[in-house]
Amino acid sequence: MTKLREIPTKDFRENRETLAAIQDGLSRYNQAKSPDPTARDIALCVEEGNEVVGGLIGRISRCWLRIDTLWVDERYRGLGLGKDLMMRAEALARSEGCHSARLDTYSFQSHGFYHQLGYEEFARLEGLKNGDTHYFLKKRLGPANA
């Protein structure tokens with residue numbers, strides 16, 4: 001029998017297999033309808049000793065780099081690590097034929113940081129809780145290799 005259930009946010013870590021099944025199901029569907037054999041996830045990290053103090057997670061697909069997560073520990077901000085992570089991801093994307101990159105961020109995060117790196121806003125959602133804005137940004141990395 002089919003049933004619908006909510007996975008409480010507090011249980012996400014305990015339900016990784018269920019979440020992976022959902023994501024994998026969509027990925028299989030997308031690949032069947034519009035194959036992209038070059039698509040792949042990327043991850044970069046910055047370590048201090050055995051401690052991860054920053055990192056970037058994204059995906060290269062359809063000649064685009066999608067940045068999903070960029071994080072630098074507050075103790076290490078202002079040292080250029082975020083910029084280094086972004087530049088490395090963009091260089092990797094270019095080497096794999098990507099012509100553009102995209103990401104999203106909030107007004108309380110690093111909106112200005114991305115503008116300094118050449119990202120431009122193409123959409124926004126205003127009126128979020130606490131008066132925040134959700135920004136969608138993109139950057140041209142090079143010519144299309146289509």
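Start by selecting Thr 18, which sits in helix H1. With a relative accessible area of 28%, Thr 18 is partly exposed, because that value falls between the 20% and 50% limits. Keep in mind as you look around that this is a predicted model.

Now show what surrounds Thr 18. Setting aside neighbours within four places in sequence, you'll find it in contact with Arg 5 and Ile 7. Next, draw a line from the C-alpha atom of Thr 18 to that of Leu 141: the two are 123 residues apart along the chain, and the line spans 36 Å.

**Zoom out**

Switch to a cartoon view of the whole chain. You should be able to pick out three helices and six strands. Follow them along the sequence and the pattern reads α-β-β-β-α-β-α-β-β. Along the principal axes, the C-alpha atoms fill a box of roughly 55 × 40 × 40 Å.

How much of the chain is buried? Buried residues make up 31% of its 146 residues. And if you take contacts between residues at least 6 apart in sequence, 48% of them join residues at least 24 apart.

**The largest pocket**

Go back to H1, but this time select Ser 27 and Asn 30, together with Asp 41, Arg 59 and Arg 66. Those five lie nearest the centre of the largest pocket, out of 19 residues that line it. Helix H1 (16-33), strand E2 (51-61) and strand E3 (64-72) are the elements that each give two or more residues to this lining. H1 supplies the largest share, seven residues.

How much space is in there? The largest pocket holds about 670 Å³. Try colouring its lining by class: you'll get six nonpolar, six polar and seven charged residues.

**The turn from E2 to E3**

Two of the strands you just met are joined by a loop, and that's the next stop. Select Arg 62 in the loop between E2 and E3. Its phi is near 55 degrees, a positive value in a residue other than glycine. Most residues other than glycine have a negative phi, so a positive one is worth a look. Arg 62 has a relative accessible area of 42%, so it counts as partly exposed.

Then pick Cys 63, also in the loop between E2 and E3. Cys 63 isn't a glycine, yet it has a positive phi of about 65 degrees. At 30% relative accessibility, Cys 63 is partly exposed.

**The second largest pocket**

Carry on into E3 for another pocket. This second largest one has a volume of about 450 Å³. Select Leu 70, Trp 71, Val 72, Ser 110 and Tyr 114: of the 22 lining residues, these are the closest to its centre. The elements giving two or more residues to the lining are E3, H2, strand E4 (100-106) and helix H3 (111-116). Which of them gives the most? That's E3, with six residues. Colour this lining by class too, and you'll see eleven nonpolar, seven polar and four charged residues.

**An aromatic cluster**

Stay with Tyr 114 and show the rings around it. The whole structure has four aromatic pairs. One of them is Phe 113 with Tyr 114, an edge-to-face pair with 5.2 Å from centre to centre and 70 degrees between the planes. Is each partner buried or exposed? Phe 113 counts as partly exposed at 23% relative accessibility, whereas Tyr 114 is buried at 7%.

Add Tyr 119 to the selection. The ring centres of Tyr 114 and Tyr 119 are 6.2 Å apart with the planes at 75 degrees, so this pair is edge-to-face as well. Tyr 119 is buried, just like Tyr 114. Together, Phe 113, Tyr 114 and Tyr 119 make up one aromatic cluster.

**Last stop: Glu 90**

From Tyr 119, move across to Glu 90, which touches it along with Leu 65, Lys 139 and Leu 141, leaving out residues up to four places away in sequence. You'll find Glu 90 in helix H2 (residues 81-95). Its relative accessibility is 1%, under the 20% limit, so Glu 90 counts as buried. What does its side chain meet in there? Show polar contacts, and you'll see one of 2.9 Å joining the side chains of Glu 90 and Lys 139.

Technical notes: Residues are numbered from 1 along each chain as its sequence is written. This is a predicted model: local features need pLDDT of at least 70, side-chain atom pairs count only at pLDDT 80 or more; totals for chains, interfaces and linings use all residues. Side-chain values use heavy atoms; hydrogens and water are left out. Helices (H or I, at least four residues) and strands (E, at least two) are DSSP runs, numbered from the N terminus. Buried means under 20% relative accessible area, exposed over 50%, partly exposed in between (1.4 Å probe, protein chains only). A polar contact is a pair of N or O atoms within 3.5 Å; within protein, one must be able to donate a hydrogen and the other to accept it, and residues adjacent in sequence count only if both atoms are side-chain atoms. Contact means heavy atoms within 4.5 Å. On a 1 Å grid over the protein atoms alone, a cavity is a set of points where a 1.4 Å probe fits but cannot get out, and a pocket is an open set with protein on both sides within 12 Å along at least five of seven lines; lining residues have an atom within 4 Å of a point. Grid points are joined across faces, edges and corners, and a volume is the space filled by probe spheres set on the points. Ala, Val, Leu, Ile, Met, Phe, Trp, Tyr, Cys and Pro count as nonpolar, Asp, Glu, Lys and Arg as charged, and the others, Gly among them, as polar. Rings of Phe, Tyr and Trp (its six-membered ring) pair if their centres lie within 6.5 Å; planes under 30 degrees apart count as stacked, over 60 as edge-to-face and the rest as tilted.
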